[in-house]
Amino acid sequence: MRTGQATSGLDGVGCEPLIAAAEDEGVVMLVLPKLLQNAADAEMHATLQHLGRRHAMQELQRQAEARHAIAALDAGGVQVLVLKGAALAYWLYPDPVQRPRCDLDMLVAGRAAAGRAIDALGSAGYAAVADIGMENTPDFEIALKRGSATGSHVIDLHWHLLNHSVLARGFDFEALWALSIPIPELHPQARGLGRVHALVHALLHRVTNMPSGHQDRLIWLYDIHLLAESSSEEDWAFFLQLCRDKHIAAPCRDGLEACVSVLATKLPSEVEDELRRLSVAEPWKFGRLGQGAMDRAHLSALPLRQKVSWLRRKLFPSPEFMRHRYGPQGGFGLLHAYIARWWVGLKRAAGG
């Protein structure tokens with residue numbers, strides 16, 4: 001990562017805010033060697049070593065759960081691509097412990113395949129979180145959870161590459177699978193997105209986090225930074241072709257420029273020039289990209305039948321969904337939660 005002048009002799013007062021900030025940004029294991037180097041005393045050094053051991057144990061648990069899930073899907077005959085940090089940790093980073101994540105993201109080839117995956121994962125002890133299944137979610141994904149002796153583990157099962165119809169448009173599972181790469185360090189049957197698709201996915205996933213203002217979390221930018229700086233001339237040519245064909249130059253350019261600003265990412269000048277040229281003809285506006293704008297764009301890109309289904313699930317989600325999302329108590333609390341949800345929806349529909 002970009003480094004400035006090292007802080008000399010960090011003590012408990014100086015180190016704890018840095019640790020908290022690094023944990024929040026997901027980069028604590030990337031900066032831990034520097035923190036250890038500058039620990040002011042033996043006590044702080046021991047505290048940092050304990051932090052490293054804790055994260056190493058968490059990584060072993062994540063790895064074991066991921067292998068358990070992938071084995072269950074393989075036994076059920078379900079093709080699956082591991083996404084995001086769970087994949088990148090094992091082929092992009094020197095050590096998987098450097099890429100923390102809170103869940104396991106996996107992509108399957110559509111709703112029918114998702115149904116088969118749910119059955120296969122059910123046999124491995126996974127169940128839909130709060131009973132929110134495919135039939136009552138407005139999203140292109142569901143969360144599945146499994147409890148174990150070491151805690152719980154969550155899988156985000158996707159049947160579109162991204163949870164937004166405009167951003168996901170044109171990314172066919174078969175094409176992604178054809179260019180996927182093996183991840184034997186995770187599991188003998190594990191596969192993930194190829195380098196260019198992984199870069200595009202990271203850049204587009206950043207857009208989905210813009211309404212919350214968390215799109216530039218450091219670990220997400222660092223994923224993009226590593227993918228960009230390790231791309232070959234051939235990779236960049238394919239990347240630009242995807243940007244042309246799928247009209248995603250502007251969101252990709254925005255994410256890469258964020259990496260240049262924060263992490264001094266080095267990009268080929270011809271790539272920057274071409275992205276700038278392609279972006280001019282695209283309708284993306286990132287100044288104030290709120291959830292309302294995201295929802296309206298998502299709805300407009302859906303086929304008519306899916307529009308009706310999405311609106312129904314968005315406006316009238318199941319009581320299980322409402323209790324999980326808002327935590328209302330009793331019938332009156334549930335009614336109040338629905339009214340509040342409709343009011344927010346009206347404001348978003350009006351341009352909020």
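Tutor: A helix, as the word is used here, is a DSSP run of H or I covering at least four residues, and the helices are numbered from the N terminus. Please also bear in mind that this model is predicted.

Student: Where is N209 placed with respect to the helices?

Tutor: N209 belongs to the loop between α8 (195-208) and α9 (218-229).

Student: Why is N209 called buried or exposed?

Tutor: The relative accessible area of N209 is 15%. Buried means under 20%, and N209 is therefore buried.

Student: Which residues does N209 touch, apart from its neighbours within four places in sequence?

Tutor: N209 is in contact with H214, Q215 and W220. The word "contact" is used because heavy atoms lie within 4.5 Å.

Student: What makes R111 buried, exposed or partly exposed?

Tutor: R111 lies in helix α5 (residues 111-122), and its relative accessible area is 37%. Partly exposed covers the values between 20% and 50%, so R111 is partly exposed.

Student: What surrounds R111, when its neighbours within four places in sequence are left aside?

Tutor: R111 is in contact with M134, W159 and R313. The side chain of R111 also reaches the backbone oxygen of M134 at 3.3 Å, and a polar contact requires a pair of N or O atoms within 3.5 Å. R111 and H158 are 47 residues apart in sequence, yet their C-alpha atoms are 8.8 Å apart in space.

Student: H158 was named just now. What stands opposite H158 in the strands?

Tutor: H158, in β5, stands opposite E141.

Student: How do you know that β4 and β5 pair, and in which sense?

Tutor: Two strands pair if DSSP finds at least two bridges between them. Strand β4 (residues 141-148) and β5 have eight bridges and run in the antiparallel sense. Among their partners are K145 and V154, the latter in β5.

Student: How many bridges join β3 to β4?

Tutor: There are two bridges between β3 (residues 127-128) and β4, in the antiparallel sense. The threshold is at least two bridges, so this count meets it. A128 stands opposite L144 in β4.

Student: Do β2 and β5 run parallel or antiparallel?

Tutor: Strand β2 (residues 104-107) and β5 (residues 151-158) run parallel, and four bridges join them. D105 has D156 as its bridge partner in β5.

Student: What makes E257 and R253 a salt bridge?

Tutor: Their side chains come to 2.9 Å, N to O. The limit for a salt bridge is 4 Å, so the pair qualifies. E257 and R253 are four residues apart in helix α11 (residues 249-263), which means that about one helical turn separates them. The relative accessibility is 39% for E257, which counts as partly exposed, and 25% for R253, which also counts as partly exposed.

Student: How do you know that E282 has no salt bridge?

Tutor: The nearest side chain of opposite charge is that of R253, 8.7 Å away. A salt bridge needs a distance within 4 Å, so this pair does not form one. E282 is nevertheless buried, in the loop between α12 (269-279) and α13 (291-301).

Student: What does the side chain of E282 reach?

Tutor: The side chain of E282 reaches the backbone nitrogen of A249 at 2.9 Å. Beyond its neighbours within four places in sequence, its contacts include C243, H247 and P251.

Student: What joins R276 and D273 in helix α12?

Tutor: A salt bridge joins their side chains at 3.0 Å, N to O. R276 and D273 are three residues apart in helix α12, about one turn. Salt bridges with shared partners also link E59, R62 and R101 into one network. In that network, the closest N and O atoms of E59 and R62 are 3.0 Å apart, and both of these residues are buried.

Student: How many disulfides are there?

Tutor: The count is zero. A disulfide needs two cysteine sulfur atoms within 2.5 Å. The sulfur of C252 is 4.0 Å from its closest cysteine sulfur, in C243, and is therefore too far for a bond. For C102 the closest is in C259 at 20 Å, again too far.

Student: Why are C102 and C252 classed as buried or exposed?

Tutor: C102 has a relative accessible area of 72%; exposed means over 50%, so C102 is exposed. C252 is at 0%, and therefore counts as buried.

Methods
Residues are numbered from 1 along each chain as its sequence is written. This is a predicted model: local features need pLDDT of at least 70, side-chain atom pairs count only at pLDDT 80 or more; totals for chains, interfaces and linings use all residues. Side-chain values use heavy atoms; hydrogens and water are left out. Buried means under 20% relative accessible area, exposed over 50%, partly exposed in between (1.4 Å probe, protein chains only). Lys and Arg count as positive and Asp and Glu as negative; His and the chain ends are not counted. A polar contact is a pair of N or O atoms within 3.5 Å; within protein, one must be able to donate a hydrogen and the other to accept it, and residues adjacent in sequence count only if both atoms are side-chain atoms.
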